[in-house]
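Here are a few short exercises to work through with the structure open beside you. Try each task before reading its solution.

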Amino acid sequence: MNQFPSQLSPIRWQTLKPWLTTIAVIWLLGFVGLGWLVKSFLFLIVFFTVVPIVAFFGLQWWLTRNLVQGNCPVCQEGLTALKQSQVNCPNCGESVRAGDSTFERVSTPGTIDVQAVEVMSQSVDDD
Ligand SMILES: [Zn+2]
């Protein structure tokens, strides 16, 4: 049953056979005059393998250029949004605008931003 001298040969033949058949069919089609069919089929295969890869990397490139990751200026919650877009913080509900690299608070008209100052209290001990 084993007509091959090496043990690997039958396995190699099994893997080679479909490729040889494919090449033979393509050669035959080209010989008959259906080379255009083979070419258009190959074009479709290349098209449908290359386009998703290009789209994937293109989208990734676009996202890295247009996504802003930062912290909410009010509660320091991590936020992710597209550049120049306005989002509501999921943690505190404050509406913030994504700048070029950070998030800025969108203050509604009439709002005055007040800087809070912490005053240290000293305990007075009565003896
Ligand atoms: Zn927040």
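## Getting oriented

In this predicted model, buried residues make up 5% of the 127 residues in the protein chain. The chain has two helices and five strands, in the order α-α-β-β-β-β-β.

## Exercise 1

Work out which side chains of strand S4 (residues 95-98) are buried.

**Solution.** Start from the general pattern: in a regular strand, side chains alternate between the two faces of the sheet. Now apply this to S4: Val96 and Ala98 point to one face, and Ser95 and Arg97 point to the other. Val96 and Ala98 are buried, while Ser95 and Arg97 are not.

## Exercise 2

Trace how S4 is joined to strands S3 and S5.

**Solution.** Take S3 (residues 86-88) to begin with: three bridges join S3 to S4, and the two run antiparallel. Valine 87 has valine 96 as its bridge partner in S4. Six residues lie between the strands of this hairpin, where glycine 93 takes a positive phi near 80°.

Next, go to S5 (residues 103-105), which is antiparallel to S4 and joined to S4 by three bridges. Here arginine 97 stands opposite glutamate 104, and the hairpin from S4 to S5 passes through four residues.

## Exercise 3

Find the six residues of the largest nonpolar core, then list what phenylalanine 103 touches.

**Solution.** The core consists of Cys72, Leu79, Cys89, Val96, Ala98 and Phe103. Leaving out residues up to four places away in sequence, Phe103 touches Gly70, Asn71, Cys72, Pro73, Leu79, Val96, Arg97 and Ala98.

Key: Residues numbered from 1 in each chain as written. Predicted model: local features only at pLDDT ≥ 70, side-chain atom pairs only at ≥ 80, totals over all residues. Core = buried A, V, L, I, M, F, W, Y, C linked by C-beta atoms within 7 Å. Buried ≥ 20, exposed ≤ 12 C-beta atoms within 10 Å, placed from the backbone. Contact = placed C-beta atoms within 7 Å. Pairing = 2+ DSSP bridges.
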